[in-house]
Amino acid sequence: MQTAKEMARQLIEHLPDTATFDDIMYEFYVRQKIESGLKDVAEGRVFSHEEVVHDLLGNQK
């Protein structure tokens, strides 16, 4: 498993030389959100489609 530092290096190496600080920060943000979501799935913190629809819409027809 890669460390956060190794992931950051790899991410930066794949960006074009013209990448701005905003581009880099966006990529870090997206990567962090993806990693967080994968961790949630691995730990069983998920909702079915039906549960989400019910929570958002209730019993509307």
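Student: Which residues line the largest pocket in this structure?

Tutor: This is a predicted model, in which local features need pLDDT of at least 70 and side-chain atom pairs pLDDT 80 or more, while totals for chains, interfaces and linings use all residues. Residues are numbered from 1 along each chain as its sequence is written, and side-chain values use heavy atoms, without hydrogens and water. A pocket is an open set of 1 Å grid points where a 1.4 Å probe fits, with protein on both sides within 12 Å along at least five of seven lines, and lining residues have an atom within 4 Å of a point. Here the lining is made up of Ala-4, Met-7, Ala-8, Leu-11, Phe-28, Arg-31, Gln-32 and Glu-35.

Student: Which helices each supply at least two residues of that lining?

Tutor: Helices are DSSP runs (H or I, at least four residues), numbered from the N terminus. Phe-28 of the lining is found in α2. The helices you are after are α1 (4–14) and α2 (21–42).

Student: Is Phe-28 buried or exposed, or in between?

Tutor: Buried means under 20% relative accessible area and exposed over 50%, with partly exposed in between. Phe-28 has 27%, so the residue is partly exposed.

Student: Which residues does Phe-28 contact, leaving aside neighbours within four places in sequence?

Tutor: Contact means heavy atoms within 4.5 Å. One partner of Phe-28 is Ile-12, 16 residues away along the chain, with 9.2 Å between the C-alpha atoms. The full set is Ala-8, Leu-11 and Ile-12.

Student: How far apart in space are Lys-5 and Gln-60?

Tutor: Lys-5 lies in helix α1 and counts as exposed because its relative accessibility is 56%. Lys-5 and Gln-60 are 55 residues apart in sequence, and their C-alpha to C-alpha distance is 48 Å.

Notes: Buried < 20%, exposed > 50% of the residue type's maximum accessible area, 1.4 Å probe, protein only.
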